[in-house]
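I opened the model to look up a few helix contacts and single residues, and I kept these notes as I went.

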Amino acid sequence: MSVELDVFVGNTTIMDKEVYQLWLNGYTVNDAVKVRIEGGVMEECEASAEVLLSDTMDQYRTFQMCERLLHHPAKLANQLLFQIPPDRQAMLIERYYAFDDSFVREVLGKKLSKGTKKDLDDVSTKTGITLKSCRRQFDNFKRVFKVVEELKGPLVENIRQHFLLPDQLARDYAAIVFFANNRFETGKKKLQYLTFQDFAFCAGQLINNWTLGAVDNMMEDMDVDLDKEFLQDLKDLKILITDKDLLDQHKSLVCNALRGKTNVFNEMEANFKFIEPCRSDKWTSIDMNLYLTHYTNSAHILDTFKHHAVWTRYMGVIKSCILRMYHD
């Protein structure tokens, strides 16, 4: 009995984007085949279940062989084993280093160590993300951190150049590296409503304004470490709270500037040293912006207040981060 086969020979490595995503998501071959069947690929390609299984297994093997190259993206363009067009290379890299917001929210600010990695079983259960995918994402965070932690120059640019990531993804990784290095506590109950992108925005503000890199982008500690001299100078700002005369003058200036401009003036006046009352008093984001603007500007009018440069540098970031996190 003779069997006719159509054979196609080419030198370009065929990679299905859907199968690649299933592999990245940690699906087994059999589970990936089920997803493909449910998606109607058999009818679309007129293929049998056996052919679909073989194709999926073949592509999984290809992805596994490419994975070591994806750990060092620059090598992907220079290797000869796989003929992959540049646009497909970019897709492979971007998707490999992409991450789930729900996952990064669980590990953000934690040390990227073996101890944290051991907790990924719990993270997987909590988020519904497969353990394999959690491990890939965690290992990517750790890999990027190790490569850039000793590099001079701007953090985002270093990540972009060494891992060939698009701009926004590079900025997201910069935020992850920054929080991991400085061990900011992001898991507190009061912060649970904030998304990763909220924290990423604040990380960008801190990197651009409060780090050594904000002063000199060729410093040894680049954009990861906060400017210790600036942090020391922040102690001088306590006078705005500890000196009662200065506090009263500041409050008077701010209240005079706000009077008649907002419906929550009485609440603003009563809660001048505020943290959470603005929420219970139902301030809008416009109210918050107005308050912070006058709170910042009025300090410069105080005769005995001399720390204008530090105040401006401090409040610029504080105002931006509060407004980002403040949801009406």
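Is Thr296 buried or exposed, and what is its relative accessible area? I looked this up before anything else, keeping in mind that the model is a predicted one. Thr296 has a relative accessible area of 12%, and because buried means under 20%, I entered Thr296 as buried.

**Entry: Thr296 and its helix**

I placed Thr296 in helix H20, which covers residues 285-299. Setting aside the neighbours within four places in sequence, I found Thr296 in contact with Trp311 and Met315. Both of these partners also appear in the list of H21 residues that meet H20, so I went on to that pair of helices.**Entry: H20 against H21**

I read the axes of H20 and helix H21 (residues 308-325) as coming within 10 Å and crossing at roughly 175 degrees. Angles over 145 degrees count as roughly antiparallel, and therefore I noted H20 as roughly antiparallel to H21. On the H20 side I listed Ser285, Met288, Asn289, Leu292, Thr293, Tyr295, Thr296 and Ala299, which meet His308, Trp311, Met315, Lys319, Ile322 and Leu323 in H21. Sorted by class, the contact of H20 with H21 has eight nonpolar, five polar and one charged residues.

**Entry: Leu290**

I stayed in H20 for Leu290, which is also placed in that helix. Leu290 has a relative accessible area of 21% and is partly exposed, because buried would need a value under 20%. Not counting residues up to four places away in sequence, I found that Leu290 touches Leu258, Lys261 and Thr262. I also looked up the separation of Leu290 from Gln59, which is 231 residues away along the chain, and the C-alpha atoms of the two are separated by 56 Å.

**Entry: cysteines**

How many disulfides does a search of the whole structure find? The search returned zero disulfides, and I then took three cysteines one at a time for their accessibility. Cys134 is at 0% relative accessibility and counts as buried. Cys255 has a relative accessible area of 6% and is buried. Cys278 is at 3% relative accessibility and counts as buried.

I followed Cys278 a little further, and found it in helix H19, residues 277-280. Leaving aside the neighbours within four places in sequence, Cys278 is in contact with Trp283, Met288 and Tyr326, and of these partners I had already met Met288 as one of the H20 residues in the contact with H21. From Cys278 to Glu267, 11 residues apart in sequence, the C-alpha to C-alpha distance is 7.9 Å.

**Entry: H9 against H10**

Cys134 took me to helix H10, where it is among the residues that meet H9. Helix H9 (residues 120-127) and helix H10 (residues 131-148) pack at an angle of about 120 degrees, and their axes are 9 Å apart. That angle makes H9 oblique to H10, and I recorded the crossing as right-handed. In H9 the residues in contact are Leu120, Asp121, Val123 and Ser124, and in H10 they are Leu131, Cys134, Arg135 and Phe138. By class, I entered the contact of H9 with H10 as five nonpolar, one polar and two charged residues.

**Entry: H10 against H11**

At what angle do H10 and helix H11 pack? H11 covers residues 155-163, and I read the angle between H10 and H11 as about 110 degrees, with the axes 10 Å apart. Angles of 65 to 115 degrees count as roughly perpendicular, which means that H10 is entered as roughly perpendicular to H11. The crossing of H10 and H11 is right-handed. I listed Arg143, Val144, Val147 and Val148 from H10, in contact with Leu155, Asn158, Ile159, His162 and Phe163 of H11. Sorted by class, the contact of H10 with H11 has six nonpolar, two polar and one charged residues.

**Entry: positive phi values**

Last, I looked up two loop residues for their backbone angles. Leu164 is found in the loop between H11 and helix H12 (167-182), and its phi is near 55 degrees, a positive value in a residue other than glycine. Leu164 is at 43% relative accessibility and counts as partly exposed. Arg183 lies in the loop between H12 and helix H13 (196-210), and I found phi of Arg183 near 55 degrees, again a positive value in a residue other than glycine. With a relative accessible area of 48%, Arg183 is partly exposed, because exposed would need a value over 50%.

Methods:
Residues numbered from 1 in each chain as written. Predicted model: local features only at pLDDT ≥ 70, side-chain atom pairs only at ≥ 80, totals over all residues. Heavy atoms only, no water. Axes fitted to C-alpha atoms, helices over the stretch in contact; angles between N-to-C directions. Helix = DSSP H or I, 4+ residues; strand = E, 2+ residues; numbered from the N terminus. Parallel < 35°, antiparallel > 145°, perpendicular 65-115°, else oblique. Left-handed = near helix turned anticlockwise from the far one by under 90°. Contact = heavy atoms within 4.5 Å. Nonpolar A, V, L, I, M, F, W, Y, C, P; charged D, E, K, R; others polar. Disulfide = S-S within 2.5 Å. Buried < 20%, exposed > 50% of the residue type's maximum accessible area, 1.4 Å probe, protein only.
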